[in-house]
Amino acid sequence: MDELTRNKAEYLVIFINEFAQRYKLSSVQAYRYLSRFKAVNFLIEQYNIAHTQSFDSMVSDMAAYCRRHGGAIA
């Protein structure tokens, strides 16, 4: 595994845990929600920008992104 792939994976794990904590979900529930509403793919594709933002800001932004794609978490 190259360094960029490893960094993306680590970022996603931390992000999913932060999202789960904010919305009182398990990590599995958070991953399924973020995956279902396309946030995981977005974070992977936009990693170069996303990882420079605070987790607090990105969790809020990804919750809004998921809502625009049919998610219900507010």
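How many aromatic pairs does the structure hold? In this predicted model, the count comes to eight. Many of the names that turn up below belong to one aromatic cluster, made up of Tyr11, Phe15, Phe19, Tyr23, Tyr33, Phe37, Tyr47 and Phe55.

Take Tyr11 and Phe55 to begin with. Their rings are stacked, with 5.3 Å from centre to centre and 20 degrees between the planes. This pair ties together distant parts of the chain, since Tyr11 belongs to helix α1 and Phe55 to helix α5, 44 residues apart. As for exposure, Tyr11 is buried at a relative accessible area of 7%, while Phe55 comes out as partly exposed at 26%.

Phe19 and Tyr23 make another pair. Here the ring centres sit 4.8 Å apart and the planes meet at 50 degrees, so this pair is tilted; the angle is too wide for stacked, which needs under 30 degrees, and falls short of edge-to-face, which needs over 60. Phe19 is buried, with a relative accessibility of 0%. Tyr23 is buried too, at 19%, and that value passes because the cut-off for buried is under 20%.

Phe19 also leads into the nonpolar core. The largest such core has 23 residues, and Phe15, Phe19, Leu34 and Leu43 are the ones with the most contacts inside it. Five helices each give two or more residues to this core: α1 (3-22), α2 (27-36), α3 (39-45), α4 (47-50) and α5 (55-68). As a general matter, nonpolar side chains in soluble globular proteins tend to be buried together.

Leu34 shows how such contacts reach along the chain. With neighbours within four places in sequence set aside, Leu34 touches Phe15, Ile16, Phe19, Ala39, Val40 and Cys66. Two of these partners, Phe15 and Phe19, are also members of the aromatic cluster.

Away from the core, two lysines deserve a look for their backbone angles. Lys24, in the loop between α1 and α2, has a positive phi of about 55 degrees despite not being a glycine. Its side of the story on accessibility is plain: Lys24 is exposed, at a relative accessible area of 75%. Lys38 sits in the loop between α2 and α3, and its phi is near 70 degrees, again a positive value in a residue other than glycine. Lys38 is partly exposed, with a relative accessible area of 45%.

Methods:
Residues numbered from 1 in each chain as written. Predicted model: local features only at pLDDT ≥ 70, side-chain atom pairs only at ≥ 80, totals over all residues. Heavy atoms only, no water. Core = buried A, V, L, I, M, F, W, Y, C linked by side-chain atoms within 4.5 Å. Buried < 20%, exposed > 50% of the residue type's maximum accessible area, 1.4 Å probe, protein only. Helix = DSSP H or I, 4+ residues; strand = E, 2+ residues; numbered from the N terminus. Contact = heavy atoms within 4.5 Å. Phe/Tyr/Trp six-rings, centres within 6.5 Å; stacked < 30°, edge-to-face > 60°.
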